[in-house]
Amino acid sequence: DNIGGESQLLDNLANLIPGWHTQNEAYELLAHYILRIAREGSAIIVGRGGAVVTQGLPNCCHVRLEAPLECRVRSIQQRLGLGVDEARALVMDYEGNRERFIERFLHCSMADTRYYHAVYNTEKSPLEHVAKSILALLPACVPR
């Protein structure tokens, strides 16, 4: 549940309790399944470093969706019915955890554009246009 969160104490306890996994062990297992799913094809993998984990596979198209902080805060406000300060804190906390997770387990930054075929700013492009653009990109990045 809290992979990538701050749980060093739980990682230490995991070594003492049979059947429990450290975060490193849990992510290795998760990465194994991400690769397995990606190799099968016809899957959309969102987050948890999927673009980095699947870099070596020829059947993958890697896309990153971005938006400015204020846009993400507004989105969380609307979806969860939060105030601006609460929404901003939630976005910042989530993003900090996600960035630490990727750095810890994959030793990279997901903001590094070399992992992607395309990066879209969803504040500047309607989602319908982004989706059509991704569909048009697929034949170029996934050989048949």
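This is a stop-by-stop tour of a predicted model, with a selection to make at each stop.

**The whole chain**

Start with the cartoon. The protein chain has six helices and two strands. Trace the sequence and the order reads α-α-α-β-α-α-β-α. Now colour by burial: 31% of the 144 residues of the protein chain count as buried. Turn on contacts as well. Among those with a separation of 6 or more, 50% join residues 24 or more positions apart.

**Helix 2**

Select residues 23-40, which form helix 2. Its 18 residues should span 26 Å at 1.5 Å a residue, and the end C-alpha atoms are 26 Å apart, so expected and modelled lengths agree.

Show side chains on Q23, Y27, A31, I34 and A38. These residues of helix 2 are buried. Look down the axis of helix 2: the buried residues line one face, because they fall within an arc of 70°. Then turn to the face pointing away from the buried side. There you find the exposed residues E28, R39 and E40.

**The loop after helix 2**

Step just past the end of helix 2 to G41. G41 takes a positive phi of about 85°. Next select S42, in the loop between helix 2 and helix 3. S42 is not a glycine, yet its phi is positive too, at about 55°. Most residues other than glycine have a negative phi. Is S42 buried or exposed? With a relative accessible area of 87%, S42 is exposed, because the cut-off for that class is over 50%.

Stay in the loop between helix 2 and helix 3 and pick V46. V46 counts as exposed, at 72% relative accessibility. Draw a distance from its C-alpha atom to that of V63. The two C-alpha atoms are separated by 9.6 Å, while V46 and V63 are 17 residues apart along the chain.

**The aromatic cluster**

Go back to Y27 and add F101 and F105. Ring pairs link Y27, F101 and F105 into a cluster. The model holds three aromatic pairs. Take Y27 and F101: their ring centres are 4.9 Å apart and their planes stand at 85°, so this pair is edge-to-face. The pair bridges distant parts of the chain, with Y27 in helix 2 and F101 in helix 5 (residues 84-106), 74 residues apart.

Both partners are buried. Y27 has a relative accessible area of 4%, and F101 has one of 1%. Now swing to F101 and F105: the ring centres are again 4.9 Å apart, but the planes meet at 55°, so the pair is tilted. F101 and F105 share helix 5, four residues apart, or about one turn of the helix. F105 is buried, as is F101.

**The nonpolar cores**

Which residues have the most contacts inside the largest nonpolar core? Select Y27, V52, V53, I102, L106, C108 and M110; they hold that place in a core of 14 residues. Helix 2, helix 3 and helix 5 each supply at least two residues of this core. Helix 5 gives the most, with four.

Centre on L106. Leaving out residues up to four places away in sequence, L106 touches Y27, G49, V52, V53 and F101. Another core lies apart from the largest one, with six residues, among them A118, Y120, V130 and L137.

**H107**

Move one residue on from L106 to H107, in the loop between helix 5 and strand 2 (118-121). H107 has a positive phi of about 55° although it is not a glycine. At 67% relative accessibility, H107 counts as exposed.

**H62**

Finish at H62, in the loop between helix 3 (50-53) and strand 1 (63-66). What is the relative accessible area of H62? The value is 6%, so H62 is buried, the limit being under 20%. Find the backbone oxygen of A51: a polar atom of the H62 side chain lies 3.5 Å from it. Then show everything around H62. Setting aside neighbours within four places in sequence, H62 is in contact with G50, A51, T54, Q55, Y115, Y116, H117 and A118.

Terms used: Residues numbered from 1 in each chain as written. Predicted model: local features only at pLDDT ≥ 70, side-chain atom pairs only at ≥ 80, totals over all residues. Heavy atoms only, no water. Buried < 20%, exposed > 50% of the residue type's maximum accessible area, 1.4 Å probe, protein only. Polar contact = N/O pair within 3.5 Å; in protein donor to acceptor, adjacent residues only side chain to side chain. Contact = heavy atoms within 4.5 Å. Phe/Tyr/Trp six-rings, centres within 6.5 Å; stacked < 30°, edge-to-face > 60°. Core = buried A, V, L, I, M, F, W, Y, C linked by side-chain atoms within 4.5 Å. Expected span 1.5 Å × (residues − 1). Arc of directions from axis to C-beta.
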